[in-house]
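Okay, thanks everyone, let me put this one up on the screen. I'll walk you through one helix and what sits around it.

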Amino acid sequence: MKKLLILMICLLPTLTYGGEAKDMAADPVLEKRMIGLAENLRCLVCQNESLASSHAELAEDLRREVREQMAQGKDDQEIIDYLVARYGDFVLYKPPVKSYTVLLWFGPFALLLIGAGVLVYQLRKRRQLVQESELSPEAQQRAASLLNQEENK
Amino acid sequence: MMRFTLPLVVFLALAGFLYVGLGLDPHEVPSPLIDKPAPAFNLPQLHDTGKNFSSEGMKGQVWMLNVWASWCVSCREEHPVLMSLAQQNIVPIYGLDYKDKREDGLMWLSQGGNPYTLSAMDRDGRVGIDYGVYGVPETYVIDKQGIIRYKQIGPVTHQSLREKILPLVAELQKK
């Protein structure tokens, strides 16, 4: 009797299985695509958060907009263009290379080159200093005679 | 000598950049809509929901579109400025009640006064998105051809009216 009871208890979970939790969104594939795109877009209200993670009301509205446009069959670039037309390049975490973003994109490399240039210049100068300290023949003779004096003492 | 001047120059340049940065507001994102046609919309009016307000009907005159809401704190700061501008009858101000409940919007205007020729209701914020609204209040100056000429992010102040908006309105009205 006791064994039967244990067996029944062990089998209980197989009966109570209730199925997987349902996804919140109507279309999980589309929702995933929306989140993927929104992660690369900046929320304008809380500017250090992406459109995907922000809880600002505007971000919710924009996510709704992106979702709807995806359902209409628009591709990612069309949706990005739609948002840039309204909010500017600011919504992009990766700004396009333009005349006024040249410094942003290439400034760090320019600084690196300047730094390397300064390093090379300094190293060359140091080598010159070492070379200059070589003794002239007269000085060498004098040094040798002084050293000999020391030894003869 | 060079030993001290170079670090000093670098320091001063950096300090200069940081000083300029202090005066910039990162929340003021330049709008790409300047000098572009104002997005057309057709929305029910706040006071008379039976009637619609269409932005197309505004062609031929210079007007201001002020995005406001009863829940917006900075709008309270802006309100007296708009009231005094409305009394001067220089330029019509149209309101866009953004993501607001109708009762709340009506209540706010009846308490604080109504500077708007009329207000339209943007209940779900879609027209706001078309205008690139991200922080209420925002104000647009739209010319006779329906082109956006100026956008004020944040409250309109006496200073911004005097220095930017009113000279621009006068110039646009002459054209």
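So, start with helix H4 of chain A, and keep in mind this is a predicted model. Four residues in H4(A) are buried: Ile79(A), Leu83(A), Arg86(A) and Tyr87(A). Around the axis they cover an arc of only 80°, which means they sit on the same side of H4(A). That fits the usual helix geometry: with 3.6 residues a turn, residues three or four places apart point the same way. Flip to the other side of H4(A) and you find Gln77(A), Glu78(A) and Asp81(A), which are exposed.

How about the length of H4(A)? The helix runs over residues 76-87, so 12 residues, and at 1.5 Å a residue the span should be 16 Å. The end C-alpha atoms are 16 Å apart, so that agrees. Just after the helix, Gly88(A) has a positive phi of about 85°.

Now, what do the buried residues of H4(A) pack against? In chain A, helix H2 (28-38) and helix H3 (57-71), and from chain B, helix H4 (126-130).

Let's look at those two chain A partners. H2(A) and H3(A) pack with their axes 10 Å apart, at an angle of about 125°. That's over 115 but not over 145, so the two helices, H2(A) and H3(A), count as oblique to each other. Their crossing is right-handed. On the H2(A) side, the contacts come from Leu30(A), Arg33(A), Met34(A), Leu37(A) and Ala38(A). They meet Arg63(A), Val66(A), Arg67(A), Met70(A) and Ala71(A) in H3(A).

Terms used:
Residues numbered from 1 in each chain as written. Chains lettered and ligands numbered in written order. Predicted model: local features only at pLDDT ≥ 70, side-chain atom pairs only at ≥ 80, totals over all residues. Expected span 1.5 Å × (residues − 1). Buried ≥ 20, exposed ≤ 12 C-beta atoms within 10 Å, placed from the backbone. Arc of directions from axis to C-beta. Contact = placed C-beta atoms within 7 Å. Axes fitted to C-alpha atoms, helices over the stretch in contact; angles between N-to-C directions. Parallel < 35°, antiparallel > 145°, perpendicular 65-115°, else oblique. Left-handed = near helix turned anticlockwise from the far one by under 90°.
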